[in-house]
Amino acid sequence: MCSLIDSSTAELKDKKFVVVAMAGCPYCFQAIGFLKEFQEKNKNVHVEFLVASSDSTSLLPYKNEINGAFKISLAEKPQEIGSLVKGRFPSYVSIQGQEISVWSNNNFGVRALDKVVANFN
């Protein structure tokens, strides 16, 4: 899915690769291991982990597991970000200019990874 940055997704403007998670999501938690490995192999790719929640305590388990490997934060507009990813968590978001590409956990594969890496070259 591709869309353009607008007022509801403006917090993504200066980012390039964001993983959108939901508070307490076991699949989002499991994705952290893959992301750490991906970040290690692709040092020029800057991973950001965005939790679609307004509760700062929901960051703690993720923050502990990420352990400084990449940036983690709460979404400024959690409902809008949740709508962008169609309520599917985790979702992987690649931003190039004003264009946003979104993949759910079920369809984030080799082609998506190639697009993300190319976005940083």
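Let's call a residue buried under 20% relative accessible area, exposed over 50%, and partly exposed in between. Keep in mind that this is a predicted model.

**Exercise 1.** Work out how exposed lysine 115 is, and what its salt bridge with glutamate 99 connects.

*Solution.* Start with the area: lysine 115 has a relative accessible area of 29%, so it counts as partly exposed. Glutamate 99, at 33%, is partly exposed too. Next, check the contact: the closest N and O atoms of glutamate 99 and lysine 115 are 3.5 Å apart, and the cut-off for a salt bridge is within 4 Å. Now place the partners. Glutamate 99 sits in strand E6 (residues 99-104) and lysine 115 in helix H4 (residues 110-119), so the pair ties together parts that are 16 residues apart in sequence.

**Exercise 2.** Find the salt bridge between strands E3 and E4, and decide whether each partner is buried or partly exposed.

*Solution.* Look at lysine 71 and glutamate 48, whose side chains meet at 3.9 Å, N to O. Lysine 71 belongs to strand E4 (residues 71-74) and glutamate 48 to strand E3 (residues 47-51), so this salt bridge links parts that are 23 residues apart in sequence. As for accessibility, lysine 71 comes out at 46%, which is partly exposed, whereas glutamate 48 is buried at 16%.

**Exercise 3.** Explain how glutamate 37 and lysine 41 are placed relative to each other in helix H1.

*Solution.* First the spacing: the two are four residues apart in H1 (residues 26-41), which puts about one helical turn between them. Then the contact: they form a salt bridge, with the closest N and O atoms 3.2 Å apart. Finally the surroundings: glutamate 37 is partly exposed at 46%, and lysine 41 is exposed at 62%. For the tally, the model has four salt bridges.

**Exercise 4.** Describe how strand E2 is enclosed and which strands it pairs with.

*Solution.* Begin with burial: five of the five residues of E2 (residues 17-21) are buried, so the strand is largely enclosed by the rest of the structure. Now sort the side chains. Phe17, Val19 and Ala21 point one way, Val18 and Val20 the other way. That fits the usual pattern, because side chains in a regular strand alternate between the two faces of the sheet.

On to the neighbours. E2 pairs with E3 in the parallel sense over five bridges, and valine 19 stands opposite phenylalanine 49 there. Going from E2 to E3, the chain passes through H1 in a right-handed β-α-β crossover. E2 also runs antiparallel to strand E5 (residues 91-96), joined by four bridges; here the bridge partner of valine 19 is tyrosine 92.

Notes
Residues are numbered from 1 along each chain as its sequence is written. This is a predicted model: local features need pLDDT of at least 70, side-chain atom pairs count only at pLDDT 80 or more; totals for chains, interfaces and linings use all residues. Side-chain values use heavy atoms; hydrogens and water are left out. Buried means under 20% relative accessible area, exposed over 50%, partly exposed in between (1.4 Å probe, protein chains only). Two strands pair if DSSP finds at least two bridges between them. A crossover is right-handed if, with the strands pointing away from the viewer, the path from the first strand over the helix to the second runs clockwise.
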